[in-house]
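Welcome, and please open your viewer. We will go from one selection to the next, with a short stop at each.

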Amino acid sequence: MSTHATQIAKHPKITVIGTGYLGATHAVCMAILGFDVLGVDVDQKKIDALAAGNVPFFEPGLPEKLREALDSGRLNFTTDLERAAEFGDVHFICVGTPQAPDSHAADMTYVDSAFSELARRITRKALLVGKSTVPIGTAARVTELVQRISPLGTELEVAWNPEFLREGFAVQDTLHPDRLVFGVASLWAEHQLSAAFRPILDQGTPVVMADLATSELVKVAANSFLATKISFINAMAEVCEVTGADVNLLAQALSYDTRIGGRFLKPGLGFGGGCLPKDIRAFTHRAGELGVGQAVAFLKEVDDINNRRRVRTVDLIREMAGGTLAGIRVACLGAAFKPNSDDVRDAPALDVARMLYVEGAIVTVYDPEANDNAHRLYPDLNYAESMIAAVVGADVVALLTEWQQFREADPDDLSRLVSHKRIVDGRHALDADRYRAKGWQYRALGRPAESATVALAFDARDEILA
Ligand code: UDX
């Protein structure tokens, strides 16, 4: 390892390649932290929107921070990679790694292209930092690739810095992460990356200094663990369903054990989104390639349990409707994969709506933010402009994404609008007793059809499981 101490930019100029969810947030937050930042994307429309102060997706708090960063003069956007290569001391690669169209592997086209196109153009010592979630071994492979292409050879270095931000909390998670992980291959890279995160390190944020492979593995391991925890409680829900036990009470009882904890132990319709499902599949695929498929074979089960929740939710709605869905009006509350997001990638809610439609139900979807994205994906479903409009005349109401406004809905108000007072709570987000007291038939996966227990005050339970 060499130090190259003199070549460390103490206040590095930052480029962020790829201004999707992760990249846009990272670029904005780095400028807020005081760095000069250039955001780069091949999509001119995205760049124009961001440069004009418009975030092209829904993320609470990000539009305000974008405008603040633009006003400071420290944040600029471009589609010109030459300019980026010239500008940056530290280049963050934030392009997507979607699931490949024909397998569970991650599609590495964008990552490879971003690294190599930059490497061709950079003419002074710089650090390329991967933030994308990638198959283990990518950083080593990409290092070899860029150093072969670059006129600088080994002077151009690669590091990895996995990102753990959650949609809906992206700004908070980026400005105040619970930890930083630096995958580095030299002391110079360690020092340069530390300089790029100085304001966050100065907050006392723990940093794990690791080799490249470990830093790649941290991300997929974290997401695998979270997915496993969710599927664990949902597997327990399946057992509850045949025994008459109540998975909500079970989760509550487990959550008091601090070794287990209540977070990510919320039963229901399961996980979706652009990360968890894709990451566990790509990890399984990569582990197979590496000859350790058996070590993560359980992730296939985690995925299967998760997918069964969607099918079982449809079963519950059909059961409530009297055995058939043909001609039944179902109000689907929620389309996004989770509240405070307009993201419908692999969204359990929308999957349920689609399955109901396929069985002949008359489906009306309402999501406070994701209606447009959902409509683009499934134009055949009906979309309502409000919760009220969605539930009018409904034979069954299905709560599929737990937005605050759905949780706070008054069962009396809804009673006046629906045809039948039947509700399936796909997210265990409602107070069953309150609905039942108002004459509603209430069902949730893993809970008895009739209330047998005196439940805790709902708010207390919710706090534990939030
Ligand atoms: C996730 C990781 O949390 C984050 O660290 C990583 O960087 C990206 O992937 P995100 O996709 O934004 O973040 O969503 P997350 O909040 O993790 O929720 C994932 C899914 O799990 C949602 O569909 C949510 O509804 C579901 N979920 C979550 C449950 O079903 N039960 C729970 O207890 C928690």
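Is F264 buried, partly exposed or exposed? Select F264 and show its surface: the residue counts as partly exposed, because its relative accessibility is 34%, a value between the cut-offs of 20% and 50%. Keep in mind as you look around that this is a predicted model.

**The backbone at F264**

Stay with F264 for a moment and look at its backbone. Its phi is positive, at about 60°, although F264 is not a glycine. To place F264 in the chain, colour helix 11 (247-255) and helix 12 (276-289); the residue is in the loop between them.

**A second positive phi**

Now select N340. Here too phi is positive, about 60°, and N340 is not a glycine. Its loop runs between strand 9 (329-333) and helix 14 (348-358). With 35% relative accessibility, N340 counts as partly exposed.

**Zooming out**

Next, switch to a cartoon of the whole protein chain. You can trace 20 helices and 14 strands. Along the principal axes, the C-alpha atoms fill a box of roughly 75 × 45 × 40 Å. How does the radius of gyration fit a compact globule of 466 residues? Such a globule would come near 23 Å, and the protein chain has 24 Å, so the two agree.

Try a surface view as well. The accessible surface amounts to about 19400 Å², and carbon and sulfur atoms hold 54% of it. Of the 466 residues, 54% are buried. If you draw contacts between residues with a separation of 6 or more, 73% of them join residues 24 or more positions apart.

For one more overall view, colour by charge. The protein chain has 48 positive and 61 negative charges, and the mean positions of these two sets are 2 Å apart.

**Where strand 8 gives way to helix 10**

Select D211. This residue is in the loop between strand 8 (207-210) and helix 10 (212-243). D211 has a relative accessibility of 40%, so it counts as partly exposed. Which residues does D211 touch, beyond its neighbours within four places in sequence? Show G183 and V184 as sticks, as both are in contact with D211. Then add A139: along the chain it is 72 residues from D211, yet their C-alpha atoms are separated by 9.9 Å.

Step along to L212, which lies in helix 10. L212 has a relative accessible area of 13%, so it is buried. Its contacts, leaving aside neighbours within four places in sequence, make a list worth selecting together: A139, A140, T143, V158, A159, W160, G183, V184 and A185. For a long view across the model, draw a distance from L212 to A361; the two are 149 residues apart in sequence, and their C-alpha atoms are 50 Å apart in space.

**Further along helix 10**

Follow helix 10 to N234. Is N234 buried or exposed? Its relative accessibility is 0%, so N234 counts as buried. Beyond the neighbours within four places in sequence, N234 is in contact with P267, G268, G270, I305 and R309. Show these residues as sticks around N234 to see the contacts.

**Helix 15**

Now move to A374, in helix 15 (residues 371-377). A374 is buried, because its relative accessible area is 0%. Outside the neighbours within four places in sequence, its contacts are A335, V344, L350 and Y383. Pick L350 from that group and draw a C-alpha to C-alpha distance to A374: you should read 7.3 Å, for a pair 24 residues apart in sequence.

**The cysteines**

For the last stop, select the cysteines. How many disulfides are there? The count is zero. C275 is in no disulfide, and the nearest cysteine sulfur, that of C94, is 13 Å away. A disulfide would need the two sulfur atoms within 2.5 Å.

Finish by showing the surface at two of these residues. C275 has a relative accessibility of 33%, so it counts as partly exposed. C332 has 0%, so this cysteine counts as buried.

Technical notes
Residues are numbered from 1 along each chain as its sequence is written. This is a predicted model: local features need pLDDT of at least 70, side-chain atom pairs count only at pLDDT 80 or more; totals for chains, interfaces and linings use all residues. Side-chain values use heavy atoms; hydrogens and water are left out. Helices (H or I, at least four residues) and strands (E, at least two) are DSSP runs, numbered from the N terminus. The radius of gyration is taken over C-alpha atoms; the globule rule is 2.2 Å times the number of residues to the power 0.38. Buried means under 20% relative accessible area, exposed over 50%, partly exposed in between (1.4 Å probe, protein chains only). Contact means heavy atoms within 4.5 Å. Accessible areas come from the Shrake-Rupley method with a 1.4 Å probe; for residues, only the protein chains shown count as cover. Lys and Arg count as positive and Asp and Glu as negative; His and the chain ends are not counted. The place of a charge is taken as NZ of Lys, CZ of Arg, CG of Asp or CD of Glu.
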